[in-house]
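Me: I'm new to reading protein structures. Please pick one residue, look closely at where it sits, and then walk me through the rest of the chain with that residue as our starting point.

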Amino acid sequence: MTIEENAAPQPVDPSLITEYRGVATSIISDNLSRLPGATGVLPYHAGGPLIGTALTVKTRSGDNLAIHAALKIARRGDVIVVDGGGDVSQALIGEIILTHAESIGVAGFVIDGAIRDVSAIRASDLPCYARGVTHKGPYKNGPGSLNVPVSIGGLVVHPGDLIVGDDDGVVALSPQVAVDLLPGIRAQEERERVKIAKFKEARLQLVRA
């Protein structure tokens, strides 16, 4: 069966990537009225943040033919975001696909489905988020679509969205929304920094007393 390929949008501007690198998903979520965000999709990699441009994949449950097609068009800095329907009966990626993706500069994976070879993924710095784990491998029959809107744990992701992930989860937002949110995000970061510093100082004074 065929894979529908749609034109890829422009990558997120590198300066915007720089602005959002290290920003907590919790703060982004707060500035999005705490509404959007993927639920039930957890990090499995060794650690470290995820950030990049969404290359979206819609695939039939348990089938990864469309993911292989995505790897053929992936650009350096793309995050492969896979809507596998939340099915965890077959793994959609494992160590081989992860290693392939890393070799071409893919920034990470977000998969509403299962993965396998988890020991290798847990040892890897390449960000990988998924809904579950199984040893059972995927089918490769299709169909599937690339660069279409997808749903990941209730989070709608559009091709070209900015994807940000950390230990708390994953958020997605359009580049324009990301630009508009920056002042609020910076202000909240500063408020939280001051509040935490005050609590730490109060604790220190208590210890000294």
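Reply: Let's start with P183, which is exposed, because its relative accessible area is 58% and the cut-off for exposed is over 50%. Please keep in mind that we are looking at a predicted model. P183 belongs to helix 6, the stretch formed by residues 175–208. To get a feeling for where that puts P183, pick out H135 as well: 48 residues separate P183 and H135 in sequence, and their C-alpha atoms are 45 Å apart in space.

How big is the box that holds the C-alpha atoms of the protein? Along the principal axes, this box is roughly 70 × 35 × 30 Å. Inside it you can look for six helices and 12 strands. The radius of gyration is 18 Å, and the globule rule gives 17 Å for 209 residues; these values are close, so the protein is as compact as a globular protein of that length.

P183 is exposed, but what share of the 209 residues counts as buried? The answer is 46%. Let's visit some of them.

Begin with T53, which you will find in strand 3, made of residues 50–59. T53 has 3% relative accessibility and therefore counts as buried, as the limit for buried is under 20%. Its surroundings come from several stretches of the chain: leaving out residues up to four places away in sequence, T53 touches Q10, P11, V12, R75, G77, D78, V79, G160 and D161.

Next comes G108 in strand 6, which covers residues 108–115. The relative accessible area of G108 is 0%, so G108 is buried too. Setting aside residues up to four places away in sequence, G108 touches L50, D78, V79, I80, L126 and P127. You have met two of these names already, since D78 and V79 also touch T53. For a sense of distance, take A7, which lies 101 residues from G108 along the chain; the C-alpha atoms of G108 and A7 are separated by 20 Å.

Strand 7, residues 128–133, gives us Y129. With 0% relative accessibility, Y129 counts as buried. Here is a nice case of sequence and space telling two stories: L50 and Y129 are 79 residues apart in sequence, while their C-alpha atoms are 9.4 Å apart in space. Contacts between residues distant in sequence can also be counted over the whole protein. Among contacts with a separation of 6 or more, 76% come from residues 24 or more positions apart.

Now for the loops and their backbone details. In the loop between strand 7 and strand 8 (144–146) sits P143. The peptide bond that joins G142 to P143 is cis, with omega at about -5°. The loop after strand 8, leading to strand 9 (150–152), holds N147. Phi of N147 is near 60°, which is a positive value in a residue other than glycine. Is N147 buried or exposed? N147 counts as buried, because its relative accessibility is 7%.

Compare that with S33, located in the loop between helix 2 and strand 2 (42–43). S33 likewise has a positive phi near 60° without being glycine. However, S33 has 57% relative accessibility and so counts as exposed. Step back into helix 2, residues 25–31, and you reach S29. S29 is buried, since its relative accessible area is 16%. Apart from neighbours within four places in sequence, the contacts of S29 are R34, L35 and P36.

To finish, let's see how two helices sit against each other. Helix 3 (residues 65–73) packs with helix 4 (residues 95–103) at an angle of about 15°, and their axes are 10 Å apart. Angles under 35 degrees count as roughly parallel, and therefore helix 3 and helix 4 are roughly parallel to each other. Their crossing is left-handed. Which residues meet there? From helix 3 come I67, H68 and L71, and from helix 4 come I97, H100 and A101. By type, the residues in this contact are four nonpolar and two polar, with no charged ones.

So, coming back to where we began: P183 is exposed at 58% relative accessible area, whereas T53, at 3%, counts as buried.

Conventions:
Residues are numbered from 1 along each chain as its sequence is written. This is a predicted model: local features need pLDDT of at least 70, side-chain atom pairs count only at pLDDT 80 or more; totals for chains, interfaces and linings use all residues. Side-chain values use heavy atoms; hydrogens and water are left out. Axes are lines fitted to C-alpha atoms, for helices over the stretch in contact, and angles run from 0 to 180 degrees between N-to-C directions. Helices (H or I, at least four residues) and strands (E, at least two) are DSSP runs, numbered from the N terminus. Angles under 35 degrees count as roughly parallel, over 145 as roughly antiparallel, 65 to 115 as roughly perpendicular and the rest as oblique. A crossing is left-handed if the near helix is turned anticlockwise from the far one by less than a right angle, and right-handed if clockwise. Contact means heavy atoms within 4.5 Å. Ala, Val, Leu, Ile, Met, Phe, Trp, Tyr, Cys and Pro count as nonpolar, Asp, Glu, Lys and Arg as charged, and the others, Gly among them, as polar. The radius of gyration is taken over C-alpha atoms; the globule rule is 2.2 Å times the number of residues to the power 0.38. Buried means under 20% relative accessible area, exposed over 50%, partly exposed in between (1.4 Å probe, protein chains only).
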